[in-house]
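User: I would like to go through the labels attached to this model and see what each one rests on. Please set the values against the cut-offs.

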Amino acid sequence: MYAKTYGETVCGINGEEIIVEVDIASGLPGFDIVGLPDTAVKESRERVRAALKNSGLIFPMTRITVNLAPADLRKDGSSLDLPIAIGILTAAGSLMQEEAAGKIFVGELALDGSIRQVAGVLPMILYAKEHGWKEIYIPQGNASEGELVDGIDVYTPQNLSELVSHLKGQDRLTPLPKKQLSVEANCAYEVDFAEVRGQQVVKRALEIAAAGGHNVLMVGAPGSGKTMLARRLPTILPPMTEDEILEVTKIYSIAGLLNGKKQLVLERPFRSPHHTVSASALIGGGSIPRPGEVTLSHNGVLFLDELPEFSRATLEVLRQPLEDGVVTISRVQASLSFPARFIMVSAQNPCPCGFLGDKTHECRCKPNEIERYQRKISGPLLDRIDIQVAVPRLEYDDLKDRAAGESSAAIRKRVVKARDIQRKRFNGSGVHCNAQMNKKQLNAYCKLEPQAEAMLGKYFTALGLSARTHDRIIKVARTIADLADAETISAAHIAEAIQLRTSVQR
């Protein structure tokens, strides 16, 4: 007997339809799975066999062959347990072919027949909806993801017996209700810029970075507040749109970082990997590529503390996503692209001991040690960091000042206003903020006043700036002008942009 059912797996950040073909033939008992299954898929033989028996269903003691098509696509994970089990029941005659037709099944089977939560369900549901499927069956543990997608009936059977009864029309299940996304709920943060004392220049730099999507490098002595400031950057970023919420939630679903309490990512991501992170963990990788930290930071912030402590090879892989906003990972089995639009905030000491240029502590580093330390960050990577600002040590008067600083909510209003200007400016172009402008857009939207042009030309020659640095200074100046609601870029805007780019001496 032959039967066909449908399941899904994850390919990149999207779902991929898998045709599960089951053939039951006479002969010695056997159970083979073909079609490039990984270890987790191969082990489904034992899970499916035990689940069927312990659910009171018949497992045929004959020759069973399961083919997972397309055969040239590598299948991984345990989400194909359920469609394999339904396919065996259909081929054995326990279910009619039409009872399983027109449906997609996703889930891992426990030995007692219950259906366990799996990663990547949201992109699978979105794929099924986009390709015209009307019903999909997922684990109860993924119910919150199923509630997010309208236009397709999502069912959450608790176990295999319950699912079979539903398919036979005996005990019908009710599809999940749909949840409305609330984009206002993602602004509740535990930290606030009102708690920051002093550091007005750095706070201004972070406001500009948030308004234009610019990358930031903060250089200062230990304890000057670099990490504290970086952790507050998400609090002044604009709330995510519904499309951004779904996109980030898809990524976290694939990475298995969603749980029962948090099935929807409402706040912009903030990722802070340790400096021992490998290049594969940062950029993504594996035999079947999985998203790394840069993709988990998509639409949010990637914070790299103690930047020179990262290996040079690890830092160099950041150059492509910082430039293109996407990561392409090629393997023998697949070549996949992951989104990686994020604001990179990095922090470092000025020297190995951390006290170079400090007024109260003497630097004991030798010149060659300082040079070696600073050379760990390559010129091409530094070129891609728009804002490079010094973070001075706080004075005692700043620390004892109890007056609350400007709140994140107040700063966010100015950032949102500037982003609204940019959204109208780039409407329909695929560009969302000034930092993403290409050369054509730079020429079209960044008109410099004559004094601003003269000032930029003077500093370009005097400081020996690169063409990339020239363009990035103009982008930052465009953001400063947007915050000031100015149509053209003035000399004051250029001067501030140059200061924010060149205040760190190397």
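**Labels and their grounds**

Analyst: This is a predicted model. Helix α18, residues 408–425, has 18 residues and reaches 25 Å from its first C-alpha to its last, close to the 26 Å expected at 1.5 Å a residue.

User: What makes the buried residues of α18 lie on the same side?

Analyst: The buried residues are Ser408, Ile411, Arg412, Val415, Ala418, Arg419, Gln422 and Arg425. They cover an arc of only 130° around the axis, and therefore sit on the same side of α18. In general, an α-helix has 3.6 residues a turn, so residues three or four places apart point the same way. Lys413 and Lys424, on the other side of α18, are exposed.

User: What covers the buried residues of α18?

Analyst: The cover includes α8 (200–212), β17 (343–348), α19 (439–445) and α21 (467–483).

User: Why are α3 and α7 called oblique to each other?

Analyst: The axes of α3 (residues 81–91) and α7 (residues 160–167) cross at roughly 55° and come within 12 Å. Angles under 35 degrees count as roughly parallel, and 65 to 115 as roughly perpendicular. The value of roughly 55° fits neither class, so the pair is oblique. The crossing is right-handed.

User: Which residues meet where α3 and α7 pack?

Analyst: Leu82, Ala85, Ile86 and Leu89 in α3 meet Leu160, Leu163, Val164 and Leu167 in α7.

User: How do you know that α3 is largely enclosed by the rest of the structure?

Analyst: The count settles it: 11 of the 11 residues of α3 are buried, so the helix is largely enclosed. Among them are Asp81, Pro83, Gly87 and Thr90. After α3 comes Gly93, with a positive phi near 95°.

User: Why does Gly7 count as buried or exposed?

Analyst: Buried means under 20% relative accessible area. Gly7 has 0% relative accessibility, so Gly7 counts as buried. Gly7 is found in strand β1, residues 2–11. Leaving aside neighbours within four places in sequence, Gly7 is in contact with Glu16, Glu17, Ile18, Val20, Leu80, Pro83, Ile104 and Phe105. One of these contacts, Val20, is 13 residues from Gly7 along the chain, and their C-alpha atoms are separated by 6.9 Å.

User: Where is His298, and what is its relative accessible area?

Analyst: His298 is in the loop between α12 (293–296) and β14 (301–304). Its relative accessible area is 4%, and His298 is therefore buried, the cut-off being under 20%. Not counting residues up to four places away in sequence, His298 touches Glu247, Val248, Ile251, Pro269, Pro339, Ala340 and Arg341.

Methods. Residues are numbered from 1 along each chain as its sequence is written. This is a predicted model: local features need pLDDT of at least 70, side-chain atom pairs count only at pLDDT 80 or more; totals for chains, interfaces and linings use all residues. Side-chain values use heavy atoms; hydrogens and water are left out. Helices (H or I, at least four residues) and strands (E, at least two) are DSSP runs, numbered from the N terminus. The expected span of a helix is 1.5 Å times one less than its number of residues. Buried means under 20% relative accessible area, exposed over 50%, partly exposed in between (1.4 Å probe, protein chains only). The arc is that of the directions from the helix axis to the C-beta atoms. Contact means heavy atoms within 4.5 Å. Axes are lines fitted to C-alpha atoms, for helices over the stretch in contact, and angles run from 0 to 180 degrees between N-to-C directions. Angles under 35 degrees count as roughly parallel, over 145 as roughly antiparallel, 65 to 115 as roughly perpendicular and the rest as oblique. A crossing is left-handed if the near helix is turned anticlockwise from the far one by less than a right angle, and right-handed if clockwise.
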